[in-house]
Amino acid sequence: MSGEQKFWRNDLRHLFKAMGHHDRIESPTSIGRPDLNLCLYPGIVWDIELKYTDCKKIRFRPAQYMWHARRQKVGGNTCVFVKYVNNGTTYFMVNGDKIPNDHITDHWYDAAVACWHGSIDPREL
């Protein structure tokens, strides 16, 4: 099981289930589509990309960047949740309009709009 899959299973699945309705998406036919669709009460929809890293660099495929850019352009809510494991666990949330247009980047770290050490506080989402 990949780090991203463990991130979903161990850290996010139960958190998001308590917050609303979610669909985990793994589609080889929809290139660039984020990993998760979350509908929060009362009907606010987020498309969420999941990333796991043990260094500051994460990889974005060009199709992922473009998907987020197109969705943001028409008013959609997109973001990236990053689990960074290095001398402890830190979670970051980066809004979709701040995703760097780099193939492999560490610029996401400075663009985070939320950061949690140890666990995600749902009251801050």
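**Salt bridges, buried and exposed**

Okay, let's start with a pair that sits inside: Lys51 is buried, and Glu49 is buried too; buried here means under 20% relative accessible area, exposed means over 50%, and partly exposed is in between, with a 1.4 Å probe and protein chains only. Those two side chains form a salt bridge, with the closest N and O atoms 4.0 Å apart. By salt bridge I mean a side-chain nitrogen of Lys or Arg within 4 Å of a carboxyl oxygen of Asp or Glu.

Quick word on the source: this is a predicted model, where local features need pLDDT of at least 70, side-chain atom pairs count only at pLDDT 80 or more, and totals for chains, interfaces and linings use all residues. Residues are numbered from 1 along each chain as its sequence is written, and side-chain values use heavy atoms, with hydrogens and water left out.

So how many salt bridges does the structure hold? Five. One of them joins Asp47 and Arg71, N to O at 3.0 Å. Asp47 is in strand S3 (residues 44-53) and Arg71 is in helix H2 (residues 62-73), so this pair ties together parts 24 residues apart in sequence. Helices (H or I, at least four residues) and strands (E, at least two) are DSSP runs, by the way, numbered from the N terminus. Asp47 is buried at 2% relative accessible area, while Arg71 is partly exposed at 31%. Add Arg33, and you have a network of salt bridges linking Arg33, Asp47 and Arg71.

Last one: Asp121 and Arg123, closest N and O atoms 2.8 Å apart. Asp121 is buried at 17% relative accessible area, but Arg123 is exposed, at 75%.
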